[in-house]
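Student: I would like a close look at one part of this model. Please take me through the aromatic rings and what sits around them.

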Amino acid sequence: MEIQTGIQIRKKQKSPPLLKSSKDPKFLLMYAPQRHDPTYGVVRPEVSLGNLYLAAVLEQEGFEVDILDCCIGNERHSMEESFNRVTPLAGNVVRIGLSPETMVKEIADYDVIGISSIFTPQTYMVEELVRLASGAYPDKLIIMGGINARTQMQKFFDAGAHLICISEAERTILRIGNLLRQGSRDFSGVPGVAFLNNGKIQVNPMTEMEDNLDNLPIPARHKLPLQKIAEIARPHGSGFKPGQIERRLLYVSAQTSRGCPYVCSYCHISGEQKNSEVGYLGKFRYQSEERVEREMVAIKELGAEYIYIEDDSLLAKKKRALNIFRMLIKFGFKLGDVNGVNLSHLHKNEGGRIVIDDEMLETMAEAGFDRLLFPVESGSQRIIDKWASGKIHHDVYDIAALIKRANAVGIMVSSCYLIGYPDETYDELAQTILKAKNHMDAGSTYVSFSMVTPFPGTALYDYVMQNNLLLPGVEIADLNFLYPSMKTIIDPYYLEFISRKAWEFINKPDRIEVIRSLAPQGG
């Protein structure tokens, strides 16, 4: 569905209600329960940083705000009521999290319900949450944010949402809150929001981007049930080293920059470039070293021992990165980057030769990094050049040697690969699988294969829709990197088969056993 700036004819829907009490509204920022295929993958708490930043700016301005991840609940909910509550759904999938009745009760005391939807696979559960909130409490204002919220606006407006933030929302949510404080619900002048105006979707383009990330407050991690999250022990990256889980290691996520210098077609960055109505979100912006240090102090005060770095491109400014890592040494954290570090940044030019940047690896190890994820993307250079910004050069970078070197300084490496590009050949698929095997033999802890997926908001999505490449019967809300969704040169069913078999063949039995043991239990 194409949404353009301005007004388009849409199904009629009432405007958002005026809150019964328009002064000092109370905010509840929510993550929906999870809908999961128990055959593959791992269920983990979401608690992404977006809601934590929004909570922090609201707190800073004197608003009362809480956060609820409906997959895990809060400290009042037992594990049986939340993370271990597994409900079978149609299509061999399950629902994990609080019951609808419990969610309705949790919403009762708040005026504004903010719901995050970043990923397309969240669609059904987010839609359920919106319908529950709007149906049970027609007087509450329901706002949404995230890539998936903005790319499937009509679906969520139909479910009962009133406002959708189309861009970074730290400034936007304060504008909304201050309007409500004044007794107003006129959002026509708020940049970066979409809403229904007389039955038509109106999109106000984003006009103000925060280029100086030092202006953002430290995320409100204290609003999370950190001990409960530690008990679940399912961080981004699927697990800790043996022995760390047993003592319930307290961990958090952090982000020191936003955006990325690369523009890969399958990444959300590709849809967030200059002149976009959502703003230039893809622009690489970063916190100062001093601002990062202040946040590390705050994390230390929480008692966290492990930090997962979520930057899209942590090493993009190498001098800054090195200075930050040297600063981190004094904190004694354990660190991991499983969002992906660009492999070009782990190399340097030395006398006209591209060599491994030993100083970077050694400094990262000393700073506390014990795991990194290498996004190899493909074994085919043609594929990388066409679809992945040419960010890796197999004839220049010796990734197997890089893995060995990282292991030598005490950093575990995992590596991930995408298969099923629209024009990928069987030979190129074989190149990727052979690369994965080579990297496993070099010391990668595990390898993972994902399907190239045309998620809305990416350049790949636009390409697929323009060329009618979506497989028959595939619904946008069902898009999932575990399954093929595009018409490809390679038979899609063969892609799914080979991805499972290659994963089983290349990975070690203990890794396979760990992943399968983390599938939802109960029902």
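Tutor: Start with a charge over a ring. Arg-500 lies over the face of Tyr-483, 5.5 Å from the ring centre. Keep in mind that this model is predicted. Another arginine does this too: Arg-181 lies over the face of Phe-63, at 3.7 Å from the ring centre.

Now turn to rings that pair with rings. Searching the whole structure gives ten aromatic pairs. One of them joins Tyr-306 and Tyr-308. Their centres are 4.7 Å apart, and their planes make an angle of 25°. That pair counts as stacked, because the angle is under 30 degrees. Both Tyr-306 and Tyr-308 are buried.

Next, take Tyr-426 and Tyr-494, which also form an aromatic pair. Here the centre-to-centre value is 5.6 Å, with 50° between the planes. This pair is tilted. It links distant parts of the chain. Tyr-426 belongs to helix H13, residues 426-442. Tyr-494 belongs to helix H15, residues 492-506. The two tyrosines are 68 residues apart.

Are these two rings buried or exposed? Neither label fits. Tyr-426 has 41% relative accessibility, so it counts as partly exposed. Tyr-494 has 33% relative accessibility, so Tyr-494 counts as partly exposed as well. The partly exposed class covers values between 20% and 50%.

Finally, go back to Tyr-306 and Tyr-308. Ring pairs link them with Tyr-251 into a cluster.

Terms used: Residues numbered from 1 in each chain as written. Predicted model: local features only at pLDDT ≥ 70, side-chain atom pairs only at ≥ 80, totals over all residues. Heavy atoms only, no water. Phe/Tyr/Trp six-rings, centres within 6.5 Å; stacked < 30°, edge-to-face > 60°. Buried < 20%, exposed > 50% of the residue type's maximum accessible area, 1.4 Å probe, protein only. Helix = DSSP H or I, 4+ residues; strand = E, 2+ residues; numbered from the N terminus. Lys NZ or Arg CZ within 6 Å of the ring centre and 35° of its normal.
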